Amino acid sequence: MARKFFVGGNWKCNGTSDEVKKIITTLNEAQVPGEDVVVLSPPFVFLAVVKGLLRPDFHVAAQNCWVRKGGAFTGEVSAEMLVNLGIPWVILGHSERRQLLNESNEFVADKVAYALSQGLKVIACIGETLEQREAGITLNVVAEQTKAIAAKISNWDNVVLAYEPVWAIGTGKVATPAQAQEVHADLRKWIHEHVSADVAASVRIIYGGSVNGGNSKELAGQPDLDGFLVGGASLKPEFIDIINSATVKKN
């Protein structure tokens with residue numbers, strides 16, 4: 001069975017009430033492929049607003065959630081709260097949280113496992129820094145990040161892996177289609193060898209890192225690239241072009 005193309009829009013810490021409504025209006029009016037999965041991830045404060053206004057064929061994700069049940073954890077949001085709000089997806093392990101907040105591979109893996117146990121679907125982020133790429137250890141890094149997750153979960157049906165080279169996030173630099181395909185193919189091979197052939201064939205591995213309307217079609221044409229996690233461009237009308245890049249998979 002073919003893997004469904006997946007496009008996530010990570011708004012990060014951006015937006016006002018008026019801007020959110022404007023973005024949603026633009027997306028609600030857009031013509032996009034009906035069979036593909038589109039997930040928007042606004043800041044926590046806008047989750048309910050976006051969910052209430054967004055067209056029914058698009059979905060909503062949180063940008064993070066706590067590693068266990070809620071309680072005395074000031075400033076955190078629990079998986080149970082997201083489920084209660086009817087939010088189906090959550091992004092975990094984004095490089096900004098790994099780097100700025102020192103979230104380790106094991107901590108991210110624990111988050112993934114707990115979120116899945118509460119019924120959420122997870123976009124799990126992995127990726128190397130520029131120093132790691134230049135040292136030639138990209139696969140080692142993403143394999144270790146994936147290995148930590150694989151050690152904590154047994155069912156991958158509700159997991160999407162997002163490969164985001166840290167050096168390409170928000171920098172304007174983007175991995176070439178060949179670079180992205182190489183990592184995606186190597187990662188799929190690692191999953192085949194260390195998880196299972198079935199998971200390797202079915203799990204979606206999406207790409208993130210300065211994706212825009214101009215480069216998305218060429219990237220989408222790579223055989224092991226199953227979609228995108230889009231940052232800044234998801235706040236702009238060109239996000240629709242990125243969603244529509246899925247059509248190259250059908251040609």
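Q: Is Asp226 buried or exposed?
A: This is a predicted model, and in it Asp226 has a relative accessibility of 4%, so it counts as buried.

Q: Which side chain does Asp226 meet in a salt bridge?
A: The side chain of Asp226 meets that of Arg3, with a distance of 2.9 Å from N to O. Arg3, at 26% relative accessibility, counts as partly exposed.

Q: Where do those two sit, and what does the pair tie together?
A: Asp226 lies in the loop between helix H10 and strand S8 (227-230), while Arg3 belongs to the segment before strand S1, so the salt bridge ties together parts that are 223 residues apart in sequence.

Q: How many salt bridges does a search of the whole structure find?
A: The search finds nine salt bridges. One of them joins the side chains of Arg55 and Asp57, at 2.8 Å from N to O; Arg55 is buried, with a relative accessible area of 15%, whereas Asp57, at 33%, counts as partly exposed.

Q: Which residues do salt bridges with shared partners join into one network?
A: That network is made up of Arg3, Arg188, Asp224 and Asp226.

Q: What about Glu128, which residue does it form a salt bridge with?
A: Glu128 forms a salt bridge with Arg133, and the closest N and O atoms of the two are 2.8 Å apart. Both of these residues are buried.

Q: Switching to cysteines, how many disulfides does the search find?
A: Zero disulfides are found in the whole structure. Cys65 is in none, and the nearest cysteine sulfur to its own, that of Cys125, is 12 Å away. Cys125 is likewise in no disulfide.

Q: Why does that distance rule out a disulfide between them?
A: A disulfide needs the two sulfur atoms to be within 2.5 Å, and the sulfur of Cys125 is 12 Å from that of Cys65, so the pair does not qualify.

Q: And are these cysteines buried or exposed?
A: Cys65 is buried, with a relative accessible area of 0%, and Cys125 is buried as well, with a value of 1%.

Q: OK, on to the interior: how many residues does the largest nonpolar core have?
A: The largest nonpolar core has 69 residues, and those with the most contacts inside it are Leu82, Val90, Val112, Ile191, Tyr207 and Phe228. Helix H5 (residues 105-117) supplies the largest share of this core, with six residues.

Q: What does Ile191 touch?
A: Leaving aside residues up to four places away in sequence, Ile191 touches Thr146, Leu161, Ser196, Val199, Ala200, Val203 and Ile205. Apart from the core that includes Ile191 lies another one, of 12 residues, among them Phe6, Ala61, Ile123 and Val160.

Q: Which residues of H7 are buried?
A: In H7, the buried residues are Thr138, Val141, Val142, Ala143, Gln145, Thr146, Ala148 and Ile149. They pack against helix H4 (95-100), H5, strand S5 (121-126), helix H6 (130-134), strand S6 (159-163) and helix H8 (177-194).

Q: What span should H7 have at 1.5 Å a residue?
A: The 13 residues of H7 (residues 138-150) should span 18 Å, and the end C-alpha atoms are 18 Å apart, which agrees.

Q: You mentioned S5, so how many of its residues are buried?
A: Five of the six residues of S5 are buried, so that the strand is mostly covered. S5 runs parallel to strand S4 (residues 89-92), to which it is joined by four bridges, and Trp89 has Lys121 as its bridge partner in S5.

Q: How many bridges pair S5 with S6?
A: S5 and S6 pair over five bridges, in the parallel sense. Val122 stands opposite Val159 in S6.

Q: What about Ser216, what does it touch?
A: Ser216, which has its place in helix H10, touches Val211, Phe228, Asp241, Ile242 and Ser245, not counting residues up to four places away in sequence. Ser216 is buried, with a relative accessible area of 0%.

Q: Last one: where is Ala72 found?
A: Ala72 is found in the loop between strand S3 (59-62) and helix H3 (79-85), and at 79% relative accessibility Ala72 counts as exposed. The C-alpha atoms of Ala72 and Ala201 are separated by 41 Å, and the two residues are 129 residues apart along the chain.

Definitions and conventions:
Residues are numbered from 1 along each chain as its sequence is written. This is a predicted model: local features need pLDDT of at least 70, side-chain atom pairs count only at pLDDT 80 or more; totals for chains, interfaces and linings use all residues. Side-chain values use heavy atoms; hydrogens and water are left out. A nonpolar core is a set of buried Ala, Val, Leu, Ile, Met, Phe, Trp, Tyr and Cys residues joined through side-chain atoms within 4.5 Å. Buried means under 20% relative accessible area, exposed over 50%, partly exposed in between (1.4 Å probe, protein chains only). Contact means heavy atoms within 4.5 Å. The expected span of a helix is 1.5 Å times one less than its number of residues. Two strands pair if DSSP finds at least two bridges between them. A salt bridge is a side-chain nitrogen of Lys or Arg within 4 Å of a carboxyl oxygen of Asp or Glu.
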